[in-house]
Amino acid sequence: MSGLIFRIPTTAMIPVALLFLCATPLAFGAPGLQVIYLVPIALVLWVIRTRTVVDAEQVRIRTMFGARSIAWSDIASLRLTKRSGVKAVLADESEVTLPAVRVRDLDALAQASGGRFGGESGTTEPGKD
């Protein structure tokens, strides 16, 4: 797997560890409540698994329950969300969220795409500089 990898920072494990510690008294309060540990375990898996890998040919998206590859030729533009996220707008006008890619990452995304999209100071339409 080569290319530029955008992932959730591993520092996100700190609140998950705190959640695990705080759940311990509750988990042992009654028989069967140990199932509460599934919440922090699921959060750890989400942090480890969720990512976007970008190279000159394609964008590979990996989420908690699936993976998808999209060729750059299938992406018409990029859309910025209100919460500083980035979505790829496909040729059929459907949108795909790029996990862990933020607005501040647009310059790196533009370089990794082989110049198909402008950076933060440029346009997000392909083929325009």
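Which residues in H1 meet which residues in H2? In this predicted model, Met13, Val16, Leu19 and Phe20 in H1 meet Val39, Pro40, Leu43, Val44, Val47 and Ile48 in H2. By class, this contact of H1 with H2 has 10 nonpolar residues, with no polar and no charged ones.

The two helices themselves may now be considered. Helix H1 covers residues 13–27 and helix H2 covers residues 38–49. They pack at an angle of about 170°, and their axes lie 9 Å apart. Because angles over 145 degrees count as roughly antiparallel, this angle makes H1 roughly antiparallel to H2.

From the helices the reader may turn to the strands, beginning with E1. Four strands make up an open sheet, in the order E1-E2-E3-E4, and their pairing is antiparallel. At the edges of this sheet are E1 and strand E4 (67–71), each of which pairs on one side only. The twist from one strand to the next averages 15°.

Within this sheet, the pairings can be followed strand by strand. E1 is paired with strand E2 (residues 51–54) in the antiparallel sense, over four bridges. Leu4 provides a point of reference here, as the residue that stands opposite Val54 in E2. Further along the order, strand E3 (residues 58–62) and E4 pair over five bridges, again in the antiparallel sense. Here Arg60 stands opposite Ser69 in E4. E3 and E4 also form a hairpin, with four residues between them.

A further open sheet has three strands, in the order E5-E6-E7, and its pairing is antiparallel. Strand E5 (75–80) and E7 stand at the edges with a single partner strand each, so one side of each is left without a neighbour in the sheet. In this sheet the twist averages 30° from one strand to the next.

How many bridges join E5 to E6? Five bridges join these two strands, which run antiparallel. Leu80 has Val86 in E6 as its bridge partner. On the other side of the pairing order, strand E6 (residues 85–90) is joined to E7 by four bridges, and these strands run antiparallel. Lys87 stands opposite Thr97 in E7. E6 and E7 form a hairpin with four residues between them, and in the turn Glu93 has a positive phi of about 70°.

The last feature to examine is the largest pocket, which has a volume of about 220 Å³. Its lining consists of Phe6, Arg7, Ile8, Pro9, Trp46, Thr50, Thr97, Pro99, Ala100, Arg102, Arg104 and Asp105. The elements that give two or more residues to this lining are strand E1 (4–7) and strand E7 (95–102). Which element gives the most to the lining of the largest pocket? E7 does, with four residues. The pocket thus brings back two strands already met: E1, an edge strand of the four-strand sheet, and E7, which stands at an edge of the three-strand sheet. Thr97, the residue opposite Lys87, is itself among the lining residues.

By class, the lining residues of the largest pocket divide into six nonpolar, two polar and four charged. The contact of H1 with H2, by comparison, has 10 nonpolar residues and none that are polar or charged.

Notes:
Residues numbered from 1 in each chain as written. Predicted model: local features only at pLDDT ≥ 70, side-chain atom pairs only at ≥ 80, totals over all residues. Heavy atoms only, no water. 1 Å grid on protein atoms, 1.4 Å probe; cavity = no way out; pocket = protein on both sides within 12 Å on 5 of 7 lines; lining within 4 Å. Points joined across faces, edges and corners; volume = space filled by probe spheres on them. Nonpolar A, V, L, I, M, F, W, Y, C, P; charged D, E, K, R; others polar. Axes fitted to C-alpha atoms, helices over the stretch in contact; angles between N-to-C directions. Parallel < 35°, antiparallel > 145°, perpendicular 65-115°, else oblique. Contact = heavy atoms within 4.5 Å. Pairing = 2+ DSSP bridges.
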